[in-house]
Amino acid sequence: MLRIAVPNKGSLSEPATTMLKEAGYRTRRTGRELVLVDEADDVELFFLRPRDIAVYVGQGTVHAGITGRDLLLDSGVDAVEHLPLGFARSTFRFAAPAGTMSTLDDVEGKRVATSYDVLVRSYLESQGVHTETVHLDGAVESSVQLGVADLIADVVETGTTLRAAGLETFGEPILASEAVLITTEQYRDEPALATLVRRLEGVLRARSYVLVDYDIPMNDLDVATAITPGLESPTVSPLQNPDWVAVRAMVPRKDVNRVMDELYEVGARAILVTALVACRL
């Protein structure tokens, strides 16, 4: 039975649970279960703190888990990223009092406050920069004003909190993070893990595409199918009126409104868009 660690709280929790549900796995009913056995799919779900998931995976206690790329790298354990999942995206950056720092050279010898000690130290060492790392469990923005550190390294979203603390980001981002499925080299080739990955990839692909159906005169079919080529080829079906056909094709979700406009311009009618839940391609 495949053991999967799932975030039990925070910004990763709900999207991870939703993705697993869309992939066909059982999910928690009350939100309080710590362990859930899905016998039909031969998996066991463990709901754990996001920061602990990489540790459990690295130790082999569970076969795979969903956590943030930043938390994986900060854990320092022997686990690997297996599949990016496309949600909970964030950027990890340095920030300092406005106008005081602009490049990594300015960080040399300074005190950096962060909740991600391992990640920050590894990054700075790779850049040949020597600093003192000050570990804080939260609210690192206040550390500079309180004299605990000279700058911070933290997740940056809108930057509003930083500006309120008189800080500004500088230099290149340390890391672009998102939710990822992680495992170890030992379990990479497990058939049960391959099934999980295939299901999750099906959800990701379904979220990226929609199904477009439309009717088109036979004389305009070639022009219309050039707009909607589908993945391998669109499905073309005859209609009762021999001068018309029905076409079905997958279209990238981000392009769907433009595609509908172009189809209408070349004579397509009854243009319908259907959302996808999951697929196998």
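In the predicted model, Gly-65 stands opposite Ile-182 of strand β11. Gly-65 falls within strand β4, which spans residues 64-68 and is joined to β11 by four bridges. The two strands run antiparallel. A second strand, β5 (residues 80-84), also pairs with β11 in the antiparallel sense, and here too the pairing extends over four bridges. Within this pairing, Pro-84 has Val-180 of β11 as its bridge partner.

Strand β11 itself comprises residues 179-183 and is mostly covered, with five of its five residues buried. In a regular strand, side chains alternate between the two faces of the sheet. In β11, Ala-179, Leu-181 and Thr-183 point one way, whereas Val-180 and Ile-182 point the other way. Residues on both sides of β11 are buried.

The domain assignment divides the chain into three parts. Domain 1 is made of two segments, 2-88 and 177-206, while domain 2 covers 90-176 and domain 3 covers 208-275. The C-alpha centres of domain 1 and domain 3 are separated by 37 Å.

An open sheet of five strands shows mixed pairing and has the order β8-β7-β9-β6-β10. Its edge strands are β8 and β10, each of which pairs on one side only. From one strand to the next, the twist averages 30°. Inside the sheet, β6 and β9 pair in the antiparallel sense through five bridges. One bridge partner pair consists of Thr-91 and Val-156, the latter in β9. Helix α4 packs on this sheet and touches β6, β7, β8, β9 and β10. The direction of α4 makes an angle of about 75° with that of β6.

Helix α4 runs from residue 117 to residue 126, and its buried residues are Asp-117, Leu-119, Val-120, Tyr-123 and Leu-124. The cover over these buried residues includes helix α3 (69-75) as well as strands β6 (90-97), β7 (111-114), β8 (132-135), β9 (151-156) and β10 (167-177). After α4 comes Gly-128, which has a positive phi near 75°.

The loop between β6 and β7 contains Lys-110. The relative accessible area of Lys-110 is 30%, so this residue counts as partly exposed, a class that lies between the cut-offs of 20% for buried and 50% for exposed. Leaving aside residues up to four places away in sequence, Lys-110 touches Met-101, His-130, Thr-131, Glu-132, Asp-150 and Leu-151. Lys-110 and Ala-246 are 136 residues apart along the chain, and their C-alpha atoms are separated by 66 Å.

A further open sheet has four strands in the order β13-β14-β12-β15, and its pairing is antiparallel. The edge strands of this sheet are β13 (235-238) and β15 (269-275), each pairing on one side only. The twist from one strand to the next averages 20°. Strand β12 (residues 209-217) pairs with β15 in the antiparallel sense over five bridges, and the bridge partner of Asp-213 in β15 is Leu-272.

Two helices lie across strands of this four-stranded sheet. Helix α6 (residues 191-208) lies across β12 and β14 (244-252), and runs at about 45° to β12. Helix α8 (residues 256-265) lies across β12, β14 and β15, with an angle of about 165° to β15.

The UniProt record, an unreviewed entry, annotates residues 206-276 as "domain: Histidine biosynthesis HisG C-terminal". This span is 28% helix and 41% strand, and its end C-alpha atoms lie 5 Å apart.

Helix α6 also packs against helix α1 (residues 13-22). Two packed helices are described by the angle between their axes and by the distance between the axes. For α1 and α6 the angle is about 100° and the axes lie 9 Å apart. Helix α1 is therefore roughly perpendicular to α6, since angles of 65 to 115 degrees are placed in that class. On the α1 side, the contact is made by Thr-18, Met-19, Leu-20 and Glu-22. On the α6 side, Leu-196, Leu-200, Val-203, Leu-204 and Arg-207 take part.

Note on methods:
Residues numbered from 1 in each chain as written. Predicted model: local features only at pLDDT ≥ 70, side-chain atom pairs only at ≥ 80, totals over all residues. Heavy atoms only, no water. Buried < 20%, exposed > 50% of the residue type's maximum accessible area, 1.4 Å probe, protein only. Contact = heavy atoms within 4.5 Å. Pairing = 2+ DSSP bridges. Axes fitted to C-alpha atoms, helices over the stretch in contact; angles between N-to-C directions. Domains from an automatic or database assignment. UniProt positions renumbered as here; feature names shortened; annotations may be inferred. Parallel < 35°, antiparallel > 145°, perpendicular 65-115°, else oblique.
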